Amino acid sequence: QAYNCLIHFYKRPTKHHHIMSNPATPRTPLRSLHPEDVRKTPGGLSLDIVLTPALRPAPRSACKSLTSSPITSADISEKLSNAAIRREEVLQLRKENIDEKLAMVQNKKDEIVKEKATKTKEELDAKLKDSEDNKNFILKKTKDDVKAHLAKVEQKMKDLEVLTEAEKIARKLALDADIMKADENRSEQLEKRIKDIQEHVDYVKSVSATQEMKKKLYLAGLEKSLEKAGKRKEEAVAKVVEVAKEEEVKVEEAKLRREKDEKAIQDKVKAALNEKSGKVVENQANKDEMFKSKMEERNRRAELVRQNKLRLEQEGVDGTNLGPESA
């Protein structure tokens, strides 16, 4: 049978709550204590254990004392120099990171261009291989079809020859029978039979000639078709090569455009600097010209005043009674 045990801990009262015990005093283990009173409760066993006061001193605070020594100017200078050194290290680290990123971007760009060129080359090779395979397949299929057709034509020619020979034999037998039955019309019937045979032979020859002509026309058409297929293949290959060249030209043009844009920006900056310097020189020249014209005007006015004084002196007028000199 299991029992639930409820334990209450009490601290033994002392004279002073802040008393510090001797750290050398051994600690009292909990299992060596004997309960003074064990009571049975509805929830289990209940007992009271009285603990001794704290046998170790309280831990010291981790923070520093507020009464620390004041900061001197040497400490401030040292901290400022350390901050400047850290700032320079951070700037150097940022610069190295920027250079590294630029190098990574350039490497990535070169890899993309190389990958694109390799991919384009592989696609062209695959297209050329597919075109060659298609050509070989078409040629093989055409040759097989021609062979099958020629075999059919030869078989028909053989059947026609056999049929012709059979007809000849039948007609010959019929002719012999007719000759044996009727001697009277032998010459006339013989001529008629010969004429019929000759007409039949001529018909067979015409049929053979027609078949031969058809055969020649079919072979000629087949040669033309093969020639056209070869031309189409060459045109397709030329187009593929032209597309590859256009891709290369586009890449080269993009490179030239980038160089041209960079040069145009440099020229624009130089032109702007030259224009600003020209304006500065022009403004300076205008200022010098204005100053020179003012000096000439001032000298001209002084000369006029001097001439007026001389003229008045010659006329007998006292110059001391005149007002201020002005133009």
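**Salt bridges, pockets and exposure in a two-helix model**

In the predicted model, a salt bridge joins the side chains of Arg311 and Glu315, with a separation of 3.6 Å from N to O. Because they stand four residues apart in helix 2, Arg311 and Glu315 are separated by about one helical turn. The two partners fall into separate exposure classes: Arg311 has a relative accessibility of 42% and is therefore counted as partly exposed, whereas Glu315, at 53%, counts as exposed. The cut-off that applies to Glu315 is a relative accessible area over 50%.

Side chains of opposite charge can pair when their charged atoms come close. Under the criterion applied here, the number of salt bridges comes to seven. One of the pairs consists of Lys279 and Glu275, whose side chains meet at 3.6 Å, N to O. Both of these residues belong to helix 2, where they lie four residues apart, about one turn of the helix. Lys279 is partly exposed, with a relative accessibility of 45%, and Glu275 is also partly exposed, with a relative accessible area of 47%. Salt bridges also link Glu297, Arg300 and Arg301 in a network.

A further salt bridge is found between Lys233 and Glu132, where the closest N and O atoms are 2.5 Å apart. This pair connects distant parts of the chain, since Lys233 is located in helix 2 and Glu132 in helix 1, 101 residues apart. Lys233 has a relative accessibility of 17% and so counts as buried, the limit for that class being under 20%. Glu132, by contrast, counts as partly exposed at 32% relative accessibility.

The overall architecture places these pairs in context. The protein contains two helices and three strands, and from the N terminus on its elements follow the order β-β-β-α-α. Helix 1 covers residues 73-181 and helix 2 covers residues 186-315. Of the 327 residues of the protein, 7% count as buried.

Positions along helix 1 include Met157. With a relative accessible area of 22%, Met157 is partly exposed. The C-alpha atom of Met157 is separated by 9.6 Å from that of Val207, although the two residues are 50 residues apart along the chain.

Helix 1 also contains Ile76. Together with Ile71 and Leu80, Ile76 makes a nonpolar surface patch of about 320 Å². Ile76 itself counts as partly exposed, at 43% relative accessibility. Residues admitted to a patch must have over 30% relative accessible area, so the value for Ile76 meets that requirement.

The open and enclosed spaces of the model were then examined. The largest pocket holds about 510 Å³ of space. Its lining is formed by 16 residues, among which Val113, Lys116, Ala117, Glu247 and Val251 lie nearest the centre of the pocket. Two or more lining residues come from each of helix 1 and helix 2. Helix 1 makes the greatest contribution to the lining of the largest pocket, supplying nine residues. When sorted by class, this lining comprises six nonpolar, two polar and eight charged residues.

As for enclosed space, the structure holds one cavity of 30 Å³ or more. The largest cavity contains about 30 Å³ of space. Thr164, Glu167, Lys168, Arg171, Ile197 and His200 line this cavity. At least two residues of the lining are supplied by helix 1 and at least two by helix 2, with the largest share, four residues, coming from helix 1. The residues that line the largest cavity divide into one nonpolar, two polar and three charged.

How values were computed: Residues numbered from 1 in each chain as written. Predicted model: local features only at pLDDT ≥ 70, side-chain atom pairs only at ≥ 80, totals over all residues. Heavy atoms only, no water. 1 Å grid on protein atoms, 1.4 Å probe; cavity = no way out; pocket = protein on both sides within 12 Å on 5 of 7 lines; lining within 4 Å. Points joined across faces, edges and corners; volume = space filled by probe spheres on them. Nonpolar A, V, L, I, M, F, W, Y, C, P; charged D, E, K, R; others polar. Patch = residues over 30% accessible without salt bridge, like charges linked within 9 Å, V, L, I, M, F, W, Y side chains within 5 Å. Areas by Shrake-Rupley, 256 points an atom, 1.4 Å probe, with all protein chains shown as cover. Salt bridge = Lys/Arg side-chain N within 4 Å of Asp/Glu carboxyl O. Buried < 20%, exposed > 50% of the residue type's maximum accessible area, 1.4 Å probe, protein only.
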